[in-house]
Amino acid sequence: MKLDIIGDIHGCLDELLDLLDKLKYHQNNGIYSHPHGNKIVFIGDITDRGPDSIAVIRLVYQLVMEQKIAYYVPGNHCNKLYRFFLGNRVQEKHGLETTVAEWKSLNESQQMDIQEKFMTLYEKAPLYLQFEDMKLVVAHAGIKEHLIGQKDGHTKSFVLYGDVTGQTDHQGKPIRRDWAKRYRGEPWIVYGHTPVIEPRQINRTINIDTGCVFGNKLTAFQFPEQTIISVPSNQSFQPERFTDFPDNP
């Protein structure tokens, strides 16, 4: 099996379509295929902040649930949208407000369709993907080696939010420990969640969230080839949104 693992999309539909084209996925009458049978892996956070979250939900649902040429794992933004659709009280900020506004602009039938599609996608998704034969794990915010195989609350929190300290920096962003610097496991860990200007590869881990929604680029990591493929973002560049990973605690 060959995988094209795609970083955080955040509602950037045009860039996703550009990336699928660059990865050689062809569309015929709305059906996608790859000449060599490659499969896509979506690393989570497919919605929020970008201009076309509803269309991204439709496309990801099609590729994962209908065509079955893709895998999907949820991110923290996916978890929040799921809780919104459950009717839970969640704060409509940090990007959720953009997806909710798009959804509310639909008619009732379309709203029900999108809600059902997203909730099905989320409920059928594993917390993270473990390809044991390939020595590969895909998890939204990463995973420590001793947590691989676990599904408890601590593991879920780590996979969705990373190794948070509970503190925030001067910009209000959560301060996270640099778990990848200490990773010594055998499986490759491919993750996103924390925007970086260039994919960050260290100790058999790679962060491929290159901040498409913040104006940089959308990136895929091809495995097992370990090739990086990117397309430029159409969004406004926001340099303050990126992390350069200094010596974290």
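Modeller: Two strands are said to pair if DSSP finds at least two bridges between them. The model discussed here is a predicted one.

Biologist: How many bridges join strand S7 to strand S10?

Modeller: Strand S7 covers residues 136-138 and strand S10 covers residues 188-191, and the two run parallel. One bridge partnership is that of leucine 136 with tryptophan 188 in S10. The number of bridges joining S7 to S10 is three.

Biologist: Which strands are the edge strands of the open sheet?

Modeller: Strands of a sheet pair through backbone hydrogen bonds, either parallel or antiparallel. Here five strands form an open sheet with mixed pairing, in the order S6-S7-S10-S12-S11. The twist from one strand to the next averages 15°. An edge strand pairs on one side only, and the edge strands are S6 (129-131) and S11 (200-202).

Biologist: Are helices H3 and H6 roughly parallel or roughly perpendicular to each other?

Modeller: Two packed helices are described by the angle between their axes and the distance between the axes. The axes of H3 (residues 76-86) and H6 (residues 153-161) come within 8 Å and cross at roughly 110°. Angles of 65 to 115 degrees count as roughly perpendicular. The two helices, H3 and H6, are therefore roughly perpendicular.

Biologist: Which residues of H6 do Asn76, Asn79 and Arg83 of H3 meet?

Modeller: The residues of the contact of H3 with H6 divide into two nonpolar, two polar and two charged. On the H6 side, the residues that meet Asn76, Asn79 and Arg83 are Lys156, Leu160 and Tyr161.

Biologist: Which element gives the most to the lining of the second largest pocket?

Modeller: This pocket has a volume of about 160 Å³. Its lining has nine nonpolar, no polar and three charged residues, including Met65, Tyr71 and Lys124. Helix H2 (53-66), strand S5 (70-72) and helix H5 (108-124) each supply at least two lining residues. With three residues, the element that gives the most is S5.

Biologist: Where is the residue that follows phenylalanine 223 across a cis peptide bond, proline 224?

Modeller: Most residues other than glycine have a negative phi, and most peptide bonds are trans. The bond joining phenylalanine 223 and proline 224 is cis, with omega about 15°. The place of proline 224 is in the loop between strands S13 (217-223) and S14 (227-232).

Biologist: What is phi of aspartate 48?

Modeller: Aspartate 48 lies in the loop between strand S4 (39-42) and H2. Phi of aspartate 48 is positive, in a residue other than glycine, and its value is near 85°.

Key: Residues numbered from 1 in each chain as written. Predicted model: local features only at pLDDT ≥ 70, side-chain atom pairs only at ≥ 80, totals over all residues. Heavy atoms only, no water. Axes fitted to C-alpha atoms, helices over the stretch in contact; angles between N-to-C directions. Helix = DSSP H or I, 4+ residues; strand = E, 2+ residues; numbered from the N terminus. Parallel < 35°, antiparallel > 145°, perpendicular 65-115°, else oblique. Contact = heavy atoms within 4.5 Å. Nonpolar A, V, L, I, M, F, W, Y, C, P; charged D, E, K, R; others polar. 1 Å grid on protein atoms, 1.4 Å probe; cavity = no way out; pocket = protein on both sides within 12 Å on 5 of 7 lines; lining within 4 Å. Points joined across faces, edges and corners; volume = space filled by probe spheres on them.
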